[in-house]
Amino acid sequence: MNNTVSTLTQTQNLADIDQNPAIETPNIIDVEYTITSEDIPHELSESKELVAVNDNNFPTLPTDPTALPKYITLAKKYIEAETKLLNGLKLTPNRYHLALRTTQEHASLLLLAELRLSEMLKGIKTCRGMRTDINKKKMLSKFNHLVKSKKEIIKQDFKLSPRQARDIEKLTPECIKKALEVAKENNTIPTRSLALSQLPKREKDETGNVVFTPIEETEDKVFSSEEPLYYTSLFANVGIGTYYLHNQNIHCAVANELPKERAEWHDYIYPNAEMVQGDITDPKVYNKLVELHKQHGCKLVLASPPCQSFSKANTSKGKVSDIRTPLFRTNLDFILDTDTDYALIENVPDFLNAKPKQLKELLGDLTIGEYIKQELENMGYIVNIGVYSAADYGTAQDRKRAIILAAKKELGLWKFPKKDKFRKILFEAIGDLPSLEPGQQDPERPMHYALDLPACQIEFLKHTPTASSAWQNKKEYQPVNIDGSESCANFKASFSRKDWNKPSNTILTDNGSIGGIINIHPGRPLSDGTYSDCRPLSILELFRVTGLPDDYPVPGKFIKNDKLIREVIGECFAPLHVARLMTTIPNKNKVKA
């Protein structure tokens, strides 16, 4: 038997003779005889997977994983009957001890079965309405075999409720072992609830409530310099954010990115820059970047460390221990080692007040924002921190970012640029593009195409008005999966259309999923009362709401890689936002004429 559940062993046999005959023991009945046919469901009693039983009439743990749900149901019935006997009959101490140990052993087998089931449930891919671990084009073009969501698998194949599945998934070998030890010590029966109570209490990350007051320019500025300004781009993505900087005589000389395909794409757009592909925490990669920064006379560092650890859109329980979290410290080391004149660090707004527990030794009582400000000031920089949206600077997307501007003291304060008086709305960005339905392609614009969708999902999207969620539709037009079953979306903002009269909400990496957060085209009202454009935004539309031109360069090898293109857009720093920030670099600009 597995070591996890072998803590309890049966020390006596049911046939042993009681050692204290002086105690009156009327109506003593063996445990196995209390389990009648009425206690066990008919379909389980005849289950071929569970016909083998041990000498105590308890079902044997199956080797076939698919038989685990039936085994668990049957084992529970036996244990319930055994527990009823223990609680309801007068037994001699020895016989009670023997019966208790037997029931504990059976309960340990049940927990082992649930642990095995837990591992199976954890292996099922999650989704928001449809599976995401399968090639979408292949899945959506052929519906002859339907793909089940995790919720459907749990309900249909495992016959579990969402709550049961959630509790079983939490089980670990360690918590079960502790539960068995506690049950043996206290002469109780180990249960799933007892095991769950032994899980370590997960400490939540603290968050601060520090308010950073940014200092803004009162007039529009323009960058002015006869000499080119060279920069190093850390976590460069494919170079979306820095796309317009060459127009300001600001040029990329050095860049770093971890994924090879992103590094290749960056090289395609910036052929004169030296890309160092690899992990920046690798000393070889880091030292090479420092060397190149100095060699090329770079005066500016642009850093966009991964933001998934701090994003509210990331509900993963593992984000508190994400190894990407401390990369901001590497950014600070780079700024110190290169003695650069200017530095710009950007991330999601929650980044500033985050206090990850695994960084307690580094941060002390400070938030990440406070820590970075303190460290940069100790290095001799004047620091300006604020949260601004790309919509404040000519982009039809309300993409908020925490931004840290730092300049050497002798150069002065790097202020935030003056905001635009009016925000660009979505209609201004994409309203002139022709409508597309799922599976259609604009013959004149290669990047304006729509992925296919199943008919049942198109149907409920047709009945979803502009700026509304399909969850607000009549019951017959609410979200469903590919096979028409109830959707397993996690957010009520799923299956929602955008608003023509506002900037787009933040574009995330799952922008190709109808089950993502407000991903669906606003649509246009049709004469029959339904709405057009039952789909997420096309790639061309994503370019426009990000502030990119229609002809933004995509390497030929990636032109059909819809997933990659959508991901890099979802993780970018909006380029018009970056360009506007460059206009206020201290001592390098003049008042716009």
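**Sheet, helices and ring pairs in a predicted model**

Let me start with a single residue: Y388 has a relative accessibility of 2%, and it therefore counts as buried. I should say at once that what we are looking at is a predicted model, and I will come back to Y388 when I reach the aromatic pairs.

First, the sheet. Seven strands, in the order β5-β4-β3-β6-β7-β10-β9, make up an open sheet in which the pairing is mixed. At its edges we find β5, residues 274-277, and β9, residues 381-389, each of which pairs on one side only. If we ignore direction, neighbouring strands of this sheet are turned against each other by 15° on average. Helix α9, which runs over residues 260-269, packs on the sheet, where it touches β4 (250-257) and β5, and the direction of α9 makes about 180° with that of β5.

I would like to stay with β6 for a moment, and with what lies on either side of it in the sheet. Strand β3, residues 229-234, pairs with β6, residues 300-303, in the parallel sense over 4 bridges. Among the bridge partners, Y231 is matched with L300 in β6, and L234 is matched with A303, also in β6. Strand β7, residues 342-347, likewise pairs with β6 in the parallel sense over 4 bridges, and here L302 stands opposite L344 of β7.

What about the two faces of β6, and which residues point to each of them? As a general matter, side chains in a regular strand alternate between the two faces of the sheet. In β6, L300 and L302 lie on one side, V301 and A303 lie on the other, and all four are buried, so that both faces of the strand are covered.

Now to the helices. In general, two packed helices are described by the angle between their axes and by the distance between those axes. For α10, residues 283-295, and α11, residues 327-338, the packing angle is about 40° and the axes are 10 Å apart. An angle of that size makes α10 oblique to α11, and the crossing in which α10 passes α11 is right-handed. On the α10 side of this contact we have Y286, L289, V290, H293 and K294, and they meet T330, D333, F334, D337 and T338 of α11.

Just beyond α11, in the loop that leads from it to β7, sits D339. For the backbone, the general expectation is that most residues other than glycine have a negative phi. D339 is not a glycine, and yet its phi is positive, at about 50°; with a relative accessible area of 49%, this residue is partly exposed. A second residue of this kind is D533, where phi is positive at about 55° although the residue is not a glycine. D533 belongs to the loop between α15 (455-462) and α16. Is D533 buried or exposed? Its relative accessibility is 0%, so D533 counts as buried.

From α16 we can go on to α17, residues 562-570, which is mostly covered, with 7 of its 9 residues buried. Those buried residues, among them L564, I565, V568 and I569, pack against α9 and against α16, residues 539-546. There is also a cluster of rings linked by ring pairs, made up of Y243, Y244, W265, F543, Y552 and F558.

That brings me to the aromatic pairs, of which the model has 15. One of them joins F58 and Y78 in an edge-to-face arrangement, with 5.7 Å from centre to centre and 70° between the planes. This pair links distant parts of the chain, 20 residues apart, since F58 is in the loop between α1 (42-45) and α2 (68-88) whereas Y78 is in helix α2 itself. F58 and Y78 are both buried. The pair of Y388 and Y393, by contrast, is tilted, with the ring centres 6.2 Å apart and 40° between the planes. Its second member, Y393, has a relative accessible area of 1% and is therefore buried, as is Y388, the residue with which I opened.

One last place to look at is S225, in the loop between β2 (221-223) and β3. S225 and Q248 are separated by 23 residues in sequence, with 8.4 Å between their C-alpha atoms in space. At 26% relative accessibility, S225 counts as partly exposed.

Technical notes. Residues are numbered from 1 along each chain as its sequence is written. This is a predicted model: local features need pLDDT of at least 70, side-chain atom pairs count only at pLDDT 80 or more; totals for chains, interfaces and linings use all residues. Side-chain values use heavy atoms; hydrogens and water are left out. Rings of Phe, Tyr and Trp (its six-membered ring) pair if their centres lie within 6.5 Å; planes under 30 degrees apart count as stacked, over 60 as edge-to-face and the rest as tilted. Buried means under 20% relative accessible area, exposed over 50%, partly exposed in between (1.4 Å probe, protein chains only). Two strands pair if DSSP finds at least two bridges between them. Axes are lines fitted to C-alpha atoms, for helices over the stretch in contact, and angles run from 0 to 180 degrees between N-to-C directions. Contact means heavy atoms within 4.5 Å. Angles under 35 degrees count as roughly parallel, over 145 as roughly antiparallel, 65 to 115 as roughly perpendicular and the rest as oblique. A crossing is left-handed if the near helix is turned anticlockwise from the far one by less than a right angle, and right-handed if clockwise.
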